[in-house]
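Please read the following points with the model open beside you, and check each one against the coordinates as you go. They are written for someone who is new to reading structures.

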Amino acid sequence: MSVLTRDEAQTRAQLLDVQHYSVDLDLTTGDETFESTSLVRFTARTAGDTFVELKPETLHSALLDDEPLDLTTLEGNRLPLRLAAGEHVLRIVATMRYSRTGEGMHRFTDPSDGESYVYTQLFMEDVQRVFAAFDQPDLKAAFEVSVTAPEGWTVLANGITEQQPDGRWKAAPTPPLSTYFVCVAAGPWHSIRTEHAGLPFGIHCRRSLAAHLDADADEILAVTKACYDRFHEKFEEPYPFDSYDQAFVPEFNAGAMENPGLVTFRDEFVFRSAVTVTERQTRAMVIAHEMAHMWFGDLVTLRWWDDIWLNESFAEYMGFQTVNEACADLFPDTWVDFGVTRKAWGYEADQRPSTHPVAPDPESVPDTASALLNFDGISYAKGASALRQLVSWLGEKDFLAGINIHFKRHKFGNATLADFIDNLAAATERDVHAWADQWLRTTGVDTLTPALTGEGLHWKLAIDRDGSRPHRISAGLYDRDPSGDLVLRERRELDVPQAEPAELTGPRPALVVLNDEDLTYAKLRFDDVSAESALRGLSRIPDALTRAVIWNALRDMVRDGDLAPRAYLEIALAHLAEENELALVQGVLGFARAQIADRYVTEDERPAALATIGEIARALLRRTEDGDAPGLRLTAVRAFIDSASTPDKIASWLDEGTVHGGPELDPELRWRILARLAVLGATDEPTIAAELERDPSATGQEGAARCRASLPTAEAKAAAWSALFDTDDLSNYLFTATAQGFWQPEQSDLVREYVPRFYPAAIALAARRGAAMAEAAGRYAFPSYAIDPDSLTLGDHHLTTDEMTPALHRKLVDQLDDLRRALKARTA
């Protein structure tokens, strides 16, 4: 299959003006394939040759202006067209294949009740799997979609759908959309419908999840309506589509997709087991993120994929900021969670060999395959951090004024980074173009370190910067009170680089925290006095965001080899049991468990690391016995299970169906315990089968696959490996679950023989099954616990000698960089 190049897209955009698509899909022809008819009306500005894209199972007919085309000229995914100047009509009829990888038209049969569902995910270049199209973002057109579906199904689409007398479902015509935004979701949905601001709103899920959606419907709809209203306060352009549906769909590869009028979410956001408030907050943020795309992405769309950060960074920033503003009663401080989770993702991505500017040079994104690689922590978290810094520097009033100019000038069209910066510049006297060059066209993370000089009551604060970007920050100056708490003396607004050091009044602060409100994007270090104060008094700093900034600095120090992993665990042991901010507890424990215990300490040190995490979990369990902090207690239970080195305690919980003092074991906790017991060799196949009979849901199927692959026997590993790489029977989610179970630090000797087998197996799988499965193989099936120089040498050898798909190559570059960091951390 040919990938579309930027040059080809520019040439085709100069040739064609596409006005309208009529798409007719028949979903009643079986479980493997469906029928697709597309009628495209377009104009050729001059005579010329071009092509239309499709990836059919069988191409039945293709008519250009009622004249048949030679079907044998279809090469890969391109059907050539020779055009005269003027108006044309193209009609293509094909049989298309359903996907089980979350791409194109994905089909899923629910093991709970046997009901089937389909939905489209057409991002980047997967519309070609569903209907023929001129598949590039700057050839926008109106769409009319009709669907023939099995009896009892409901069809959702970008516009309001109605069932016709002949049984077909017809969606209302759309305004101009890019091809990748077209969406259909069909099946026996459980739906909750309402109205808001004169528009129909709906939320939808599989029938087997109906009770769980009903339980959360009030919160989901309240968040949706609050964000909708808040965006209308910020944006002058009204919501541009005729309805707002949110469908929670199975086996979805991303968190969500911003299809206009029909946002699709992974249906793990319909919680079937207990979750913490931060997990609910994440769902709210994703709702806000996707809604922000209705304006930035859908109303105004990138011209080419080098500007994907414009979509994602804006939506990421607006998602957190809008939830923080509109849903403060439910989620009082979303920026703490951003600082601990999302921002760390950006820092890590930006320090790898695969880093790239937030706004990459167009020449570095020559085709769709290379563009797909930029959906990472830089385009999301770093870009959002840059925008937050821009708002701090520019002021929100001018920022929003520039955004509204952007929407007004480019609505229902396409725009570039240059357009965006010009529109911001039109609303301010500041030099936004220079800011963009320094922030958006450069790579890497600056490091800021305070330097204090003086004595008595006269001190000066200078800031050492390792890097080149300007920063507007607040420096927090803290004193220690008689009880030992660190109390804020003042926050000083500073620009970096400084014209001259800042003069401080009073005694030397006990603690100086640069970027105290986390408004910029930079790594932080501490002067010696501040470092000692931070490590002694971390849990006694009053502001959670300040604590998040310090925890992030400690995390960076471990990753950079400047702080021993064991020291990080000791700091967590000293302070985490007193921490009240749930996002911090989850973030610190997650890093401690997944990175430090599993990768950054040696095999000999690992039992002590797990014991420390278990001790923290026990302290949190003791603290939450009164039931006042269910989220903290659930987090502690999860950490205790995941870090158990012996099976007795967690096995007794599973037998009794409860943790002593609560909570009762729901399906998530039961599968979590059973997976840990499998790793420890304390369960077996009959027990796993019995648990699957108890919970035969899709999540149960994944839990069973994870447990079976975790069993410490040669037979279990051979079966899991064969399922992963010898056949293509596993769906994207079952592949991921099996891969997650396969590699375990406790089983390094058992799986050692599979380490060299991974590379040829993954390369072959990526070539067969495409980008989504290449990503899954590189992320989850990589032998990440083989932390030794030989594994690094082996990986580097395959990177330089083997041909592999770009998606897999990028993932392996990142994995091998993480392996280098793990080796470095072990010598810290």
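1. Within helix α5, by about how many helical turns are W335 and F338 separated? In this predicted model, the two residues are three apart in helix α5, which covers residues 334-350, and they are therefore separated by about one helical turn. Their ring centres are 5.1 Å apart and their planes stand at 80°, and because planes over 60 degrees apart count as edge-to-face, that is how this pair is classed. W335 is buried, and F338 is buried as well.

2. A second aromatic pair, made by W721 and F725, is tilted, with 4.6 Å from centre to centre and 55° between the planes. Both residues belong to helix α21 (residues 714-726), where they are four residues apart, or about one turn of the helix. W721 has a relative accessible area of 4%, and it counts as buried because that value is under 20%; F725, at 6% relative accessibility, is buried too. A search of the whole structure finds 51 aromatic pairs.

3. F725 also has a place in the largest nonpolar core, which holds 127 residues, and W551, F725 and F735 are the ones that touch the most other members. Helix α14 (residues 582-600) gives the most to this core, contributing eleven residues. If residues up to four places away in sequence are not counted, F725 touches F735, F758, A761, A762, L765, R768 and A781. Another core lies apart from this one and has 126 residues, including F34, L83, V323 and Y521. As background, nonpolar side chains in soluble globular proteins tend to be buried together.

4. Is K343, a residue with a charged side chain in many readers' minds, buried or exposed? K343 is found in helix α5, and at 1% relative accessibility it counts as buried. Its side chain makes a polar contact of 2.7 Å with the side chain of D518. Leaving aside neighbours within four places in sequence, K343 is in contact with several residues, among them F338, A381, S385, N515, T520, Y521 and N552.

5. Q136 can be read in a similar way, beginning with its position in the loop between β9 (116-121) and β10 (142-148). Q136 is buried, with a relative accessible area of 1%, and a polar contact of 2.8 Å joins its side chain to that of R12. Residues up to four places away in sequence aside, Q136 touches L4, A9, R12, A13 and T179.

6. In what order do the four strands of the open sheet lie? The order is β26-β23-β22-β28, and the pairing is mixed. β26 (502-505) and β28 (523-524) stand at the edges, and because each has a single partner strand, one side of each is left without a neighbour in the sheet. β28 pairs with β22 (residues 447-455) in the parallel sense, over two bridges, and K523 in β28 is the bridge partner of T447.

7. Two arginines deserve a look for the way they meet aromatic rings. The charged end of R78 sits over the ring of F51, at 4.2 Å from its centre, while the charged end of R508 sits over the ring of W459, at 5.7 Å from the centre of that ring.

Note on methods: Residues are numbered from 1 along each chain as its sequence is written. This is a predicted model: local features need pLDDT of at least 70, side-chain atom pairs count only at pLDDT 80 or more; totals for chains, interfaces and linings use all residues. Side-chain values use heavy atoms; hydrogens and water are left out. A nonpolar core is a set of buried Ala, Val, Leu, Ile, Met, Phe, Trp, Tyr and Cys residues joined through side-chain atoms within 4.5 Å. Buried means under 20% relative accessible area, exposed over 50%, partly exposed in between (1.4 Å probe, protein chains only). Contact means heavy atoms within 4.5 Å. Two strands pair if DSSP finds at least two bridges between them. Rings of Phe, Tyr and Trp (its six-membered ring) pair if their centres lie within 6.5 Å; planes under 30 degrees apart count as stacked, over 60 as edge-to-face and the rest as tilted. A charge sits over a ring if NZ of Lys or CZ of Arg is within 6 Å of the ring centre and within 35 degrees of the ring normal. A polar contact is a pair of N or O atoms within 3.5 Å; within protein, one must be able to donate a hydrogen and the other to accept it, and residues adjacent in sequence count only if both atoms are side-chain atoms.
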